[in-house]
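Colleague: I should be grateful for a close look at a single part of this model, namely the surroundings of the ligand. Please set that part in the context of the chain as a whole.

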Amino acid sequence: PAKMGFRMPAEWEPHEQCWMGWPERPDNWREHAEPARKTFERTAMAISKFEPVTICASAKQYPRVHELMEHQPNIRVVEMSMNDSWFRDTGPTFITREGGSDIGLAEQTIAGIDWEFNAWGGLGGGCFDDWSLDRSIAKKIVEIERIPRFAHTMVLEGGSIHVDGEGTCITTEECLLNPNRNPHMTKLEIENELKDFLGVTKIIWIPLGLHGDEDTNGHVDNLCCFIKPGVILLSWTDDENDPQYEISVKALSALTQAVDAKGRQIEVVKIHVPGPLYITKEEGEGVLATGHAVPRVPGKRLAASYVNFYPANGGVIAPAFGDKKRDEEAREVLQKVFPDHEVVMVEGAREIVLGGGNIHCITQQQPVR
Ligand SMILES: NCCCCCC(N)=O
């Protein structure tokens with residue numbers, strides 16, 4: 001696609017809409033996903049103040065969600081079956097190009113990449129043992145939008161990459177070089193596919209993702225993200241005894257020793273992680289042990305980070321974990337780095353991180369065409 005002039009826009013570039021799934025499986029979400037649906041609802045309502053939202057819900061969930069959103073003109077609900085509701089990873093990665101007949105390109109100015117998906121590691125450490133429905137979500141979304149589809153055989157989740165829109169991609173070795181994704185591909189081969197499909201010329205590799213992020217093997221979207229070309233927001237901790245400290249120091253060094261596609265040094269802004277937060281006994285017991293999904297064990301560290309936010313048109317939709325001090329600190333940092341956006345902290349994001357991700361993981365932006 002890069003050869004055809006496509007690139008993945010930066011997430012802060014104008015959106016046509018936001019796509020979301022709807023949680024229900026009781027072996028990944030506690031209390032039959034009731035608390036999680038409350039937070040998904042808050043997230044969809046918050047985003048809908050800035051851009052249209054499409055919620056995809058299973059046949060079982062459709063009636064309730066449709067009724068819930070009946071008076072929300074900026075939210076539409078469609079029926080779609082899924083194994084779980086992580087549309088960052090199962091939705092398409094949209095790519096765009098400057099279209100128009102004047103430059104001889106076909107009219108198509110937007111397309112969707114349909115990566116291979118194996119539930120974050122397949123039977124070698126994945127989150128559940130059947131992902132057959134999730135593998136069709138990207139295809140169904142681009143069909144609904146009548147957008148061309150670029151299918152790829154490489155396993156990749158949208159949460160494992162971030163781009164600056166100007167040729168640079170950041171990702172983690174912990175995830176992309178994990179043998180449970182593409183064991184048959186070398187680092188160079190993976191780089192070349194990212195360059196071709198995302199329209200980037202430089203990959204900056206970060207060794208490890210967020211401590212505790214075992215579900216995804218350290219997706220970059222839980223560790224750091226671009227806030228504009230040349231500037232990266234990095235999850236940090238002042239506690240040198242927290243295992244996160246070493247990880248963040250390594251990431252800081254990888255980022256400050258690199259230059260981006262335009263030859264810029266990277267400026268790093270730190271944002272402190274909440275907590276540390278751990279799964280409580282009550283939370284763990286609320287998740288059904290079916291044997292078909294990764295168990296939620298009380299006492300395990302939650303992979304909670306404020307960089308897992310969604311940049312909507314003019315709004316930053318960020319997780320609030322109930323850690324009053326760090327939630328407020330994070331809101332201030334986000335407002336400072338996004339001076340022209342309205343920062344909305346979504347209460348109850350702890351329910352999403354109990355499922356293994358956060359607000360960025362449950363959303364997928366569709367850029368304007
Ligand atoms: N249990 C699956 C968690 C998936 C998290 C998704 C993400 N992009 O981090």
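Modeller: The account below begins with the ligand, moves to a buried loop residue, and ends with the whole chain.

This is a predicted model, in which local features need pLDDT of at least 70 and side-chain atom pairs count only at pLDDT 80 or more, whereas totals for chains, interfaces and linings use all residues. Residues are numbered from 1 along each chain as its sequence is written, and side-chain values use heavy atoms, with hydrogens and water left out.

The ligand is surrounded by 14 residues, of which the closest are Asp 89, Asp 215, His 219, Gly 355 and Cys 361; a residue belongs to this shell if one of its heavy atoms lies within 4 Å of the ligand. By class, the shell holds 4 nonpolar, 6 polar and 4 charged residues. In this scheme Ala, Val, Leu, Ile, Met, Phe, Trp, Tyr, Cys and Pro count as nonpolar, Asp, Glu, Lys and Arg as charged, and the others, Gly among them, as polar.

Nitrogen atoms of the ligand are approached from both side chain and backbone. A polar side-chain atom of Asp 215 lies 2.6 Å from a ligand nitrogen, and a polar side-chain atom of Asp 89 lies 3.1 Å from a ligand nitrogen. From Gly 355, a backbone N or O atom is placed 3.0 Å from a nitrogen atom of the ligand. Taken alone, the ligand exposes 310 Å², and the protein buries 100% of that. Accessible areas come from the Shrake-Rupley method with a 1.4 Å probe, and for residues only the protein chains shown count as cover.

Asn 180 is a second point of detail. Its place is the loop between helix H5 (173–176) and helix H6 (187–198). Asn 180 is buried, with a relative accessible area of 12%; buried means under 20%, exposed over 50%, and partly exposed in between (1.4 Å probe, protein chains only). The side chain of Asn 180 makes a polar contact with the side chain of Asn 217 at 3.2 Å. Such a contact is a pair of N or O atoms within 3.5 Å; within protein, one must be able to donate a hydrogen and the other to accept it, and residues adjacent in sequence count only if both atoms are side-chain atoms. A polar atom of the Asn 180 side chain also lies 3.5 Å from the backbone oxygen of Gly 124.

Leaving out residues up to four places away in sequence, the residues that Asn 180 touches include Trp 120 and Asn 118, where contact means heavy atoms within 4.5 Å. Trp 120 sits in the loop between strand S5 (110–116) and helix H4 (137–144). Although Trp 120 is not a glycine, it has a positive phi of about 65°. Its relative accessible area is 3%, so Trp 120 is buried.

The protein chain as a whole contains 10 helices and 16 strands, counted as DSSP runs (helices H or I, at least four residues; strands E, at least two) and numbered from the N terminus. Its radius of gyration is 19 Å, close to the 21 Å that the globule rule gives for 369 residues, so the chain is as compact as a globular protein of that length. The radius is taken over C-alpha atoms, and the rule is 2.2 Å times the number of residues to the power 0.38. Of the 369 residues, 60% are buried.
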